[in-house]
Amino acid sequence: MKHMDNTQLWQSVLAQVQFSVSRANFATWFRSTKIVSKENGEVLVAVPNSFSKEWLGNKYQSLILKILRSSDDNVRLVNFVVDAQGAIPQVTVEVPQAQEAVEPQLQFKEFKVDQQTNLNPNYTFDNFVVGSFNELAHAAAWAVSEKPGETYNPLFIYGGVGLGKTHLLQATGNRIRSLFPKKKITYTTAERFISKIVEAIRNQQIEKLKKDSVEIDVLIIDDVQFFSGKEKTQEEFFHIYNGLYQNQKQIILSSDRPPNAIPATAERLRSRFEGGMLADIGTPDVETRIAILQAKCEANAFVLNNDILEYMASNIQNNIRELEGALNRLIMYQKINQKIPDVATVKKLLKNLVISPKKATNYKKIINAVSLFYDPKQEEILLPTRRKEIVKPRQIAMYLLREELKESYPSIGRRFKGKDHTTAMYAYDKVSRQVEEDNDIFNEINLIKQRLYSEI
Ligand code: ADP
Ligand code: MG
C-alpha cells in the first residue's frame, strides 16, 4: 500500500465520505476536521467542538472507520478530539472481530428501563422536589409506597402536562420495589395497556391476560384519560382492575384531569377511579420553580448564579418540563462553548421560550434537522413513500412536531401528504416508546434536539 501522510489520508477519506452523506451533512460535520495523529493503529480526528464530536461519534464513526481501513488496514480505532482544548478522547470504537455491527460507546446520559417492571430508575423521591403545589400527591404516594395495598386504593393522581405525574408514579413504583423486592410491580401507560388488551382480544389470549394479571401486586397505569371512548378495552380493564382490587393489590393511576372530567368513560369504571384517594398536582410558584432549577443544576453538576435562576423561574411558568428544557439548553450551550452563559446570553438563549414556547423552534427547523440527520431529501419525508429509510425519519419528525411544538395530531397529519391524525398518533406513540426503550433512538433524538436549539 502506498504511503500517505495524514493530510492525504484524511483527504481521501473525505472524498469518499462525500459519496455517502448529503451535501448539507458533509458541510456541517466534516468541515474543519483533520487527522491529528495516527499511532499504533489509532487515528485521532480533531473536530471543532464537542457537539461535532458527539455527532460524528454517534453517526459517522463506523463509516469513517470503514473508509480509513480501506486505505490503511493497520487502522483499528478512530477517536475524536475537540481541537480547541486537546481534550481526552471519549468516543472510541474497536474494530469488531467479525462482521458484527459496530457499537459506538457514547458517554451519554445513562438510563435503563427495568425490563420486569418497566420502571425508569431515574425517577425517584430523592430527586422529586416538593412544594405546596404537589405536597398532597407526594404525601399520598409516599404513604402508598410504605404500605402498598393497605392505605389508599386506588391512588389517583391528576394534573396538567409536565408537572410530575409520571415522575411521581415511577418514584412510587421504584420505592415499593426497593422496600418490597418480592412484589411484582408493573408500570405501563394506558395507551400501551390498551394495545395489549386489543392484541390479546385479537389473539384470543384475553383470558390468559386476565389470569396473568392476577399475579401483579402493584399496577401503575399512567395517563388513564386515554381509556376514554375505548369501550371494549374499558370493559376488560374493569375486570382486571376488580380482580386486583379485591385481592388488596395496589393500583396507582394518573390522568391529566379528574375522573369526572374524562369523557366517554363507563360509569362503573369512573366510580372505581374515584373510590380511593384523589390527589391533584397544581403548578409550582416561583420559589418552588427556583428550588426545582437548583435541584436540577445540582444533579447535573451545573452552576448558575441567582440572577439567572430567578430570571428563568420568573419567566418560564407553564410547567416543569419547560423549565428542564430551558436548563438543558443552557447546559448544551456550556457543552458547546465550554463556558457558562452569562445573563445576557441566557436571555438570548431562552428568548423564544420565554415569549412563546412555540417560537423556540418551528416546523421548518424540525424538518431540516431531521433530514440533516437521516439524510433523505427533505421533500421525501413529506411524501407518502413507505420506504423504510424514509418511514423512520418521518415518524421522528412527527414525534418532534408533537413533542416540541405541541402541534395537534390532525395538524401534524396535514403536513405530510396522504397522512392523517391516526398516522401522527401512531408515530408519536411509537417513537415515545422507542425513546424510553432504545438507547440509540434516545441518542439520535437528543442530537437532533441539540441541533434544533444550538443555533440562536
Ligand atoms: P407529567 O407526567 O405530569 O406530564 P413528568 O412527570 O413527565 O410530567 O414531569 C416532567 C419533567 O419534570 C420530568 O423530567 C420530571 O422529572 C420533572 N419533574 C416534574 N415534577 C418534578 C418535581 N417535583 N421535582 C423535580 N422534577 C420534576
Ligand atoms: Mg406523564
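Q: Which residues are buried in helix 18?
A: In this predicted model, the buried residues of helix 18 are A424, A427, Y428, V431 and V435.

Q: And why do they end up on the same side of the helix?
A: Those residues of helix 18 lie on the same side because they cover an arc of only 100° around the axis.

Q: What sits on the face turned away from that buried side?
A: The face of helix 18 turned away from its buried side carries Y426 and E437, which are exposed.

Q: How many residues does helix 18 have, and what does it reach from end to end?
A: Helix 18 runs over residues 421–437, which makes 17 residues, and from its first C-alpha to its last it reaches 24 Å, close to the 24 Å expected at 1.5 Å a residue.

Q: Switching to ligand 1, which residues come nearest?
A: There are 17 residues around ligand 1, and of these V129, G162, H167, K296 and E324 come nearest.

Q: What kinds of residues make up that shell?
A: The shell around ligand 1 divides into 6 nonpolar, 7 polar and 4 charged residues.

Q: Which helices supply at least two of them each?
A: Helix 5, covering 165–179, and helix 12, covering 320–337, each supply at least two residues of the shell around ligand 1.

Q: What about polar atoms close to the ligand's oxygens, say at G162, L163 and R321?
A: A polar backbone atom of G162 is 2.7 Å from an oxygen atom of ligand 1, and for a backbone N or O atom of L163 the distance to an oxygen atom of the ligand is 3.2 Å. In R321, a side-chain N or O atom is 2.8 Å from an oxygen atom of ligand 1.

Q: So how much of ligand 1 does the protein bury?
A: Taken alone, ligand 1 exposes 560 Å², and the protein buries 92% of that.

Conventions:
Residues numbered from 1 in each chain as written. Chains lettered and ligands numbered in written order. Predicted model: local features only at pLDDT ≥ 70, side-chain atom pairs only at ≥ 80, totals over all residues. Heavy atoms only, no water. Near = heavy atom within 4 Å. Polar contact = N/O pair within 3.5 Å; in protein donor to acceptor, adjacent residues only side chain to side chain. Areas by Shrake-Rupley, 256 points an atom, 1.4 Å probe, with all protein chains shown as cover. Helix = DSSP H or I, 4+ residues; strand = E, 2+ residues; numbered from the N terminus. Nonpolar A, V, L, I, M, F, W, Y, C, P; charged D, E, K, R; others polar. Expected span 1.5 Å × (residues − 1). Buried < 20%, exposed > 50% of the residue type's maximum accessible area, 1.4 Å probe, protein only. Arc of directions from axis to C-beta.
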